[in-house]
Amino acid sequence: MIAEAGLAALWIAAMLAALQAFLGLGSLKAGGEPLLRAVRPVAVAQAVMTVTAFAVLLWLFYSTDLSVKLVAEDSAISVPTLYRIAGAWGNHEGSMLLWVTILAIAGAAVALLERRLPERTLAATIAAQGVIALGFFGFLLFSSNPFARLEIAPADGNGFNPLLQDPGLAFHPPTLYVGYVGLSVAFSFAVGALLTRDVGPAFAKAMRPWVLGAWTFLTLGITAGSYWAYYELGWGGWWFWDPTENASLMPWLAATALLHSVTVLATRDGLRAWTVMLAVVAFSMSMVGTFLVRSGILTSVHAFALDPRRGAFILVLLALYIGGALALFGARIATVTEGNRFDPVSREGALVFNNLLLSVILGLVLIGTLYPLAAESLTGEKLSVGPPYFNATTGPLALILVAVMAAGPVMRWRRDEIAKVAKRIAIPAALTVIAFVAVLVLAPGLRVLPLLGLTLAAGVTAASVAPLWKRKLRRTPLFTWGMVIAHLGVAVSLAGMACESAFTKETLVAARPGETVTVGPYAIRFASVDPVPGRNFTAVQAMLVATRGTSTPITLKPEQRTFDNPPQQTSESAIATRWDGQLYTVVGAPVPGGRWQLRLWWKPFVTLIWLGGTLIALGGALSLIGRALPRHKPVVEHTGYARFG
Amino acid sequence: MSLRTVRILLWLPLVAFLIVLGLVSSGLIKPHDASVHSQMVGKPLPAFSLPSTRAGQPPVTSASFADGKVRLVNIFGSWCVPCAVEMPQLVELKREGVIIEGIASRDTPADSLAFLKRYGDPFDRIGDDKTSAVQIAIGSSGVPETYVVDGKGIIRAQHIGPIQPQDMADILAAMKDAQ
Amino acid sequence: MKRLAVLALLMVPGALRADPTMAPEPLSYTQLPDPAQEARAQALMQTIRCVVCQGQSIADSDADLAGDMRALVRQRIAAGEKPEAIRAWLIQRYGRWVSYTPPVDAATWPLWIAPILLLGIGCLLARSAFRRRRA
């Protein structure tokens, strides 16, 4: 009964989405004004129904209702509570329902909270949201029904993939989805603005908080995903340019560019076409990512294995939405009156440069991800495009971008002079040079990218706080603090990446219990190996005692776990975090002679990577609050750096 | 930039998207073949010399494959379940006069022979490939795999996975081609 | 969603068919004594794709065949072979697919042209946002 109620709620929600679209679009026509009043409530009702459906699915998973096909296939009675619930979105159908739920909530939020837009544009926006929702509802209801029943309920389910039985699953997908789907609001805003030809500062100011919110969640989601993969997969890597990882990075790159572009449109009424295009591209990348991961056309550890028919369904949706939006763009944008133009040397100029580089990096990631597919389609030959390509092409561009990020925030709007800008960033520039020399002297033999990364990180750290110099900190607007912290986060993250790349020490051995091995500054004694039972697994646990000089010893217990429902082996790494890095240990399979394979890493300052990511997200959150809160005094975008000349 | 140029450029993203769409669609239509095919088909067998799994027999060398006879080379392991599944087909092929050489990958002679005793032994000779060196050299990405090698020692065809009854005709046809 | 479970199984290759009973090659889990050689071997292994996995390098994979390939790489580096020669040898066996670094040749030139091309197009578009500087 409950499952059927969920399905019914889903159907009602789908119909409400159709109504939402119909009312919204209808209100745009002459004489359609009365329909305007109905659009907002319908959007809210749709969200309520969708949330109900999702809540039903959560309940079915929590109570392990094995008569429901999805629960039987992807969960089991012995799965711990947290993962029973989180398992609702650990599969294709459930995660699609989560996607649609967030889409509905986003639409309702726009309907409830948005007061700055003219009614017509808002209606068009909500209508666009409804149209998007409709397609995905169709996908769910016709080919990915989460509430399908089994004729005979099995005694127990197939179990839940052990690799996903981790707090990361509870956090990473929902955060990421709020990000992906939040970008749909930007997309809808863009479509709405194109339909009503209303592209200007008001549109940008209205869209900005939504972009900030989605982008913040996306940053958090990607950071969490990276850390989760790092400690879960057992090989100490934090980014592999896997197609699924790229699928989350591409919307982020577009959203970052959009974020900066929307500020130019909001404050200077420039970059109209770029902003609208980026808003379309950002959500398009979200949808492309969804497609890639679920279509089965790309091989990835991360991919949901689906039949091509479902992939074809999403592809058709993609074609309609993205193609439609791009066609609308081509047709309408030329008739949108042009905004202000500005001097190349100016804050706008720096932001255009930012847009440019981010877009190029986005393009490269897209091309690299799709190239194997294209090559195979055209020539039949398989090839792989992996980290070496992406690092070599996007790395230098990213470094240039970070360097420009140092100068951008201290430039004036409209027109500035290079000499004056140079004066303002003289100290950070000097720091960069000092850092360069220091690194060369203290750590000779580094490869180019890590070397440049370290030096830039030092300089940009100083540069990111430059906008705060000689300001009354209490009177500085929150969104300026947000910018500073976000840029600082980038520098911190870059430092972490460079350190990890340059200074990681690795030791691989086969050791007998009782032997001592060194890695980096640590001496690690392999104390013992013991069997350990778990709730739904049995494990072989190694006890490692690590000492560094005369410090107190740390005990680490990496494990090899064997699950039997489904039968699988996983490796649980044991990580010890210190202020200056992480000790990462993994125990592998036994080898003859009573030895065990040990993989040990000392990764200096690797935690900065995710600390930086969190700072970036914090910056975004502060900016969002800063923009959304009502202000007591009107704050002018800071244009004067007179004190710096 | 003239207005006309700008107008044309504005349609560029849509065009690019449609091109990508086309490519991706064709990828969807063709079933995704996740197996890795050996690139050594058409090239000579890589040089190797493996000790024989069967005690007392001379080592199995690649040179001995250039004796004018067409053969099958089957890579298997006693630990591999699909290898057991294809044994009846291999035994049947041997009964029809096909020469099959075995390469035991990552196996001990004792285990290999016990496996063959249980499931049937279609092999003329068996090479003991403890370190998968020959498996890698031949471009194999798993077991079981079967290669058709012609009389000059050139690899002519590769069959990935167990030989099912419905594959027998294709194998025999490939062998005929290699004559 | 049984397929997801199957996919998960394939992440630990060999799980579907029971693991080989033979012990892994020592060089698949021990480093070479010479740090410079080990560094070269590591760098190469990070860019060779595991042929039985769903998207991992042989350096990161737990699969037995990946272990054997690691042992092979280390053996050859220790014997003095150049990393690029080993990569070429592997590509000869498995095709371009086995190398994560796409080679620079007729089939992959668009990949390598892309950065320059995209930067060029981007700059052209960006120019339209600027107004001419007064002299």
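The crossing of α7(A) and α10(A) is left-handed. Like everything described here, this pairing is read from a predicted model. Helix α7 of chain A covers residues 167-196, and helix α10 of chain A covers residues 272-295. Their axes come within 8 Å and cross at roughly 140 degrees. That angle makes α7(A) oblique to α10(A).

Which residues of α7(A) and α10(A) make the contact? From α7(A) come Y180(A), L183(A), S184(A), A186(A), F187(A), F189(A), A190(A), A193(A) and L194(A). From α10(A) come V276(A), A279(A), V280(A), A282(A), F283(A) and S286(A). By class, the residues of this contact are 13 nonpolar, 2 polar and no charged.

**A second partner for α7(A)**

Helix α7(A) also packs against helix α5 of chain A, residues 92-113. Here the axes lie 9 Å apart, at an angle of about 50 degrees. The two helices are therefore oblique to each other. How is the crossing of α5(A) and α7(A) handed, left or right? It is right-handed.

On the α5(A) side, the contact uses S95(A), L98(A), W99(A), I102(A), L103(A), A106(A) and V110(A). They meet P173(A), P174(A), Y177(A), V178(A), V181(A), G182(A), S184(A) and V185(A) of α7(A). The class count is 12 nonpolar, 3 polar and no charged residues. S184(A) takes part in the contact with α5(A) and in the contact with α10(A).

**Chain A as a whole**

Chain A holds 18 helices and 10 strands. Its C-alpha atoms fill a box of roughly 85 × 75 × 55 Å along the principal axes. Is the chain a compact globule or spread out? A compact globule of 645 residues would have a radius of gyration near 26 Å; chain A has 26 Å, so the two agree. Of the 645 residues, 58% count as buried. Among contacts with a separation of 6 or more in chain A, 75% link residues 24 or more positions apart.

**Two buried residues of chain A**

G6(A) lies in helix α1, residues 2-26 of chain A. M49(A) sits in helix α2, residues 36-62 of chain A. Are they buried or exposed? G6(A) counts as buried because 24 C-beta neighbours fall inside 10 Å. M49(A) is buried as well, because it has 22 other C-beta atoms within 10 Å.

How far apart in space are M49(A) and G6(A)? They are 9.0 Å apart, C-alpha to C-alpha, with their positions 43 residues apart in sequence. Beyond its neighbours within four places in sequence, G6(A) is in contact with A53(A), V56(A), L57(A) and F147(A). On the same basis, M49(A) is in contact with A9(A), I12(A), A13(A) and L16(A). G6(A) and Y83(A) are 77 residues apart in sequence and 21 Å apart in space, C-alpha to C-alpha.

**Where chain A meets its neighbours**

Chain A touches chain C and chain B. The contact with chain C takes 55 residues from chain A and 44 residues from chain C. Elements giving two or more residues to the chain A side are α3 (69-74), α12 (347-379), α13 (387-407), β1 (505-511), β7 (567-572) and β9 (581-591). The largest share, 12 residues, comes from α12(A).

The contact with chain B takes 23 residues from chain A and 18 residues from chain B. On the chain A side, α10, α11 (308-332) and α12 each supply at least two residues. Which element gives the most to this side? It is α11(A), with 11 residues.

The table sets out the two sides of chain A by class.

| Side of chain A | Nonpolar | Polar | Charged |
|---|---|---|---|
| touching chain C | 28 residues | 20 residues | 7 residues |
| touching chain B | 15 residues | 7 residues | 1 residue |

**Chain B**

Chain B has 5 helices and 7 strands. From the N terminus on, its elements run α-β-β-β-α-β-α-β-α-β-β-α. Why is chain B called more spread out than a compact globule? Its radius of gyration is 23 Å, well over the 16 Å that the globule rule gives for 179 residues. Along the principal axes, its C-alpha trace spans about 85 × 30 × 30 Å. Of the 179 residues of chain B, 37% count as buried. Residues 24 or more positions apart make up 73% of its contacts with a separation of 6 or more.

Definitions and conventions
Residues numbered from 1 in each chain as written. Chains lettered and ligands numbered in written order. Predicted model: local features only at pLDDT ≥ 70, side-chain atom pairs only at ≥ 80, totals over all residues. Helix = DSSP H or I, 4+ residues; strand = E, 2+ residues; numbered from the N terminus. Rg over C-alpha atoms; globule rule 2.2 N^0.38 Å. Buried ≥ 20, exposed ≤ 12 C-beta atoms within 10 Å, placed from the backbone. Contact = placed C-beta atoms within 7 Å. Axes fitted to C-alpha atoms, helices over the stretch in contact; angles between N-to-C directions. Parallel < 35°, antiparallel > 145°, perpendicular 65-115°, else oblique. Left-handed = near helix turned anticlockwise from the far one by under 90°. Nonpolar A, V, L, I, M, F, W, Y, C, P; charged D, E, K, R; others polar.
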